[in-house]
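Me: I would like to learn how to read a protein model. Please take me through it one feature at a time.

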Amino acid sequence: MRRARPHLLVALPVLLGLTALGFGAAAWRVERNNAAIAGLRAGRDVPVGTDASAPLLLARIQDLARRGQAEGIEPLIDALARAGDTDRVARARYALANTRLRQAFSHLERSDLDPAGPLITLARQDYRRALQGNPDYWDAKFNLDVASRLVRDFPEFDRKTGDELKAEPKQIWTDIPGQPRGEP
């Protein structure tokens with residue numbers, strides 16, 4: 001034990017110094033991430049790589065969603081999903097779905113119906129994926145209901161060839177309401 005004491009006395013300060021450096025580097029990374037998040041919230045365009053921390057990725061996704069730039073969000077969501085934080089992934093999916101729904105509403109206001117349908121379908125898919133990650137996400141449930149009322153789901157028909165659809169009468173689902181019966 002006496003022979004090991006001088007080595008321990010030398011190793012202990014070195015070990016403590018390395019630990020202090022590790023904590024200092026971690027604090028510096030957290031401070032740098034917080035500054036980037038503050039910049040994103042202030043409206044500055046701060047570039048964020050896919051290797052960034054989960055809070056910084058979510059902040060960048062929300063910033064791109066506010067700007068209406070849905071194209072750059074998907075790779076960041078994939079990186080966030082690899083981190084395994086299901087709550088942040090659900091919030092990111094919700095932000096992406098809201099962006100797509102806003103784009104669809106913009107098309108609908110201009111009576112440009114053709115591009116609005118696929119955007120609404122994509123928004124509904126993202127709301128569902130957000131709800132898979134967080135089933136209690138009330139805002140996603142509400143917006144999914146709104147998006148589902150805009151475009152109805154129709155059953156898939158088996159299309160063999162050409163323009164004709166072969167379907168049995170029992171498989172056809174119509175969107176046209178029937179005549180109400182009974183007294184008012």
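Me: Let's begin with the rings. How many aromatic pairs are there?

Reply: Ring centres must lie within 6.5 Å to pair. By this rule, the count is three aromatic pairs. One of them is Tyr94 with Tyr137: the centres are 4.9 Å apart and the planes meet at 40°, so the pair is tilted. Keep in mind that this is a predicted model.

Me: Which parts of the chain does that pair link?

Reply: Distant ones. Tyr94 sits in helix H4, while Tyr137 is in the loop between H5 and H6. The two are 43 residues apart.

Me: Are these two tyrosines buried or exposed?

Reply: Both Tyr94 and Tyr137 are buried. Ring pairs also bring in Tyr127, so that Tyr94, Tyr127 and Tyr137 form a cluster.

Me: Now take Trp138 and Phe142. Why is this pair called stacked?

Reply: Look at the angle. Planes under 30 degrees apart count as stacked. Here the planes are at 20°, with the ring centres 5.4 Å apart, so the pair of Trp138 and Phe142 is stacked.

Me: Where do Trp138 and Phe142 lie?

Reply: Both are in helix H6, four residues apart, which is about one turn of the helix. Here is the general idea. An α-helix has 3.6 residues a turn, so residues three or four places apart point the same way.

Me: How do Trp138 and Phe142 rate for accessibility?

Reply: Over 50% counts as exposed, and under 20% as buried. Trp138 is at 55%, so it is exposed. Phe142 is at 43%, so it is partly exposed.

Me: Let's stay with H6. Which of its residues are buried?

Reply: They are Ala140, Asn143, Leu144 and Ala147. Look down the helix axis: the buried residues of H6 fall within an arc of 110°, so they line one face. The face turned away from them carries the exposed residues Trp138 and Arg149.

Me: What do the buried residues of H6 pack against?

Reply: Two helices: H4, residues 86–109, and H5, residues 113–133.

Me: How do I check a helix's length?

Reply: Compare the expected span with the distance between the end C-alpha atoms. H6 has 13 residues, so at 1.5 Å a residue it should span 18 Å; its ends are 19 Å apart, which agrees. H4 has 24 residues and should span 34 Å; its ends are 34 Å apart, which agrees too.

Me: What follows H4?

Reply: Ser111, in the loop between H4 and H5. Check its phi: the value is positive, near 60°, in a residue other than glycine. Ser111 is exposed, because its relative accessible area is 61%.

Me: Now the inside. Which residues have the most contacts in the largest nonpolar core?

Reply: Ile61, Ile73, Ile77 and Leu80. That core has 23 residues. H1, H2, H3 and H4 each supply at least two of them. H2 gives the most, with eight residues.

Me: Take Ile77 as an example. Which residues is it in contact with?

Reply: Leave aside neighbours within four places in sequence. Ile77 is then in contact with Ile61, Val89, Ala92, Arg93 and Leu96. Apart from this core lies another, of 16 residues, among them Ala97, Leu101, Ala116 and Tyr137.

Me: Next, Arg60. Is it buried or exposed?

Reply: Arg60 is buried, because its relative accessible area is 11%. Arg60 is found in helix H2, residues 54–67. Beyond residues up to four places away in sequence, Arg60 touches Leu40, Asp45, Val46, Val48 and Leu76.

Me: Let's step back. How many helices and strands are in the chain?

Reply: Six helices and zero strands. Along the sequence, the pattern reads α-α-α-α-α-α. Of the 184 residues in the chain, 28% are buried.

Me: What about the surface and the contacts?

Reply: The accessible surface comes to about 13,200 Å², and 56% of it belongs to carbon and sulfur atoms. For contacts, take those between residues at least 6 apart in sequence. Of these, 42% join residues at least 24 apart.

Conventions: Residues are numbered from 1 along each chain as its sequence is written. This is a predicted model: local features need pLDDT of at least 70, side-chain atom pairs count only at pLDDT 80 or more; totals for chains, interfaces and linings use all residues. Side-chain values use heavy atoms; hydrogens and water are left out. The expected span of a helix is 1.5 Å times one less than its number of residues. Buried means under 20% relative accessible area, exposed over 50%, partly exposed in between (1.4 Å probe, protein chains only). The arc is that of the directions from the helix axis to the C-beta atoms. Contact means heavy atoms within 4.5 Å. Accessible areas come from the Shrake-Rupley method with a 1.4 Å probe; for residues, only the protein chains shown count as cover. Rings of Phe, Tyr and Trp (its six-membered ring) pair if their centres lie within 6.5 Å; planes under 30 degrees apart count as stacked, over 60 as edge-to-face and the rest as tilted. A nonpolar core is a set of buried Ala, Val, Leu, Ile, Met, Phe, Trp, Tyr and Cys residues joined through side-chain atoms within 4.5 Å.
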